[in-house]
Amino acid sequence: FSSVAMQIEYRVENSSSLLHANPFNVECFDSMQPCFPVQWPLNVILTKVQVARFADAHRMLMRIYVVKFALRETWLSMKCSSSKLMQVQEIKPFSRFLHVWFMFRKDADHFLGNLHHYLMSQAIDVCWDSFRADMGPKGENLSDLFDLRDAHDRYTNDFVNRMFVYQ
């Protein structure tokens, strides 16, 4: 398994877009795609379509991480500036607005944390358990490689649908 993991690389489709990327833009890492050179005999089971599904799921998770990072940076900025702002007399009437903004950021962070937990535990883990059940404890539910490929195709299709990748 470790030799397979060592073969995973990141391909940058458009390096100029990465140089000018805004780290707070949800799509800032979309030009970076994980790629895995699938060689025979693994390519019989792991098709290009399935590798593309893994890349799309990775893109979705990266977008969530970018938003979580932006929310964390916003919180740090707000914490540093809020005490100074509250000392300015002209800002005091807007203190309610600042409180609402703090609450919105907290709720958005909570939502993203729950979404990330759902994606990792329900979407990926549940689909993996279903895939393993399709195969059987020792693969006895599979009669040939085509059955394994079909089970793996159902697995990748199921987890990208549960992850809302194509929604």
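Axes here are lines fitted to C-alpha atoms, for helices over the stretch in contact, and the angle between two of them runs from 0 to 180 degrees between N-to-C directions. The exercises below apply this to a predicted model.

**Exercise 1. Determine how helices α4 and α5 are oriented towards each other, and describe the residues through which they meet.**

Solution. Begin with the geometry: helix α4, which spans residues 95–135, packs against α5 at an angle of about 160 degrees, and the two axes are 9 Å apart. Angles over 145 degrees count as roughly antiparallel, and α4 and α5 are therefore roughly antiparallel to each other. The handedness is the next step, and the crossing of α4 and α5 is right-handed. Turning to the residues, the α4 side of the contact includes Y118, W128 and F131, while the α5 side includes L148, Y155 and F159. Sorted by class, the contact of α4 with α5 has 13 nonpolar, two polar and four charged residues.

**Exercise 2. Classify the ring pair of Y155 and F159, and place both residues in their surroundings.**

Solution. A pair of aromatic rings is described by the distance of the centres and the angle of the planes. Ring centres must lie within 6.5 Å to pair, and planes under 30 degrees apart count as stacked, over 60 as edge-to-face and the rest as tilted. By this rule the count comes to seven aromatic pairs. For Y155 and F159 the centres are 5.2 Å apart and the planes stand at 55 degrees, so the pair is tilted. Along the chain, both residues belong to helix α5 (residues 145–162) and are four residues apart, which is about one turn of the helix. As for solvent, buried means under 20% relative accessible area, so Y155 at 9% counts as buried, and F159 at 3% is buried as well. Finally, Y155 and F159 form one aromatic cluster together with F54, W128 and F131.

**Exercise 3. Work out where F164 lies, what F164 touches, and whether F164 is buried, partly exposed or exposed.**

Solution. F164 is located in the segment after α5. Its relative accessibility is 39%, and because the partly exposed range lies between 20% and 50%, F164 counts as partly exposed. When residues up to four places away in sequence are left out, F164 touches M60, L115 and Y118. The C-alpha atom of F164 is separated by 8.8 Å from that of A57, although the two residues are 107 residues apart along the chain. The backbone completes the description, since F164 has a positive phi of about 60 degrees although it is not a glycine.

Definitions and conventions. Residues are numbered from 1 along each chain as its sequence is written. This is a predicted model: local features need pLDDT of at least 70, side-chain atom pairs count only at pLDDT 80 or more; totals for chains, interfaces and linings use all residues. Side-chain values use heavy atoms; hydrogens and water are left out. Rings of Phe, Tyr and Trp (its six-membered ring) pair if their centres lie within 6.5 Å; planes under 30 degrees apart count as stacked, over 60 as edge-to-face and the rest as tilted. Helices (H or I, at least four residues) and strands (E, at least two) are DSSP runs, numbered from the N terminus. Buried means under 20% relative accessible area, exposed over 50%, partly exposed in between (1.4 Å probe, protein chains only). Angles under 35 degrees count as roughly parallel, over 145 as roughly antiparallel, 65 to 115 as roughly perpendicular and the rest as oblique. A crossing is left-handed if the near helix is turned anticlockwise from the far one by less than a right angle, and right-handed if clockwise. Contact means heavy atoms within 4.5 Å. Ala, Val, Leu, Ile, Met, Phe, Trp, Tyr, Cys and Pro count as nonpolar, Asp, Glu, Lys and Arg as charged, and the others, Gly among them, as polar.
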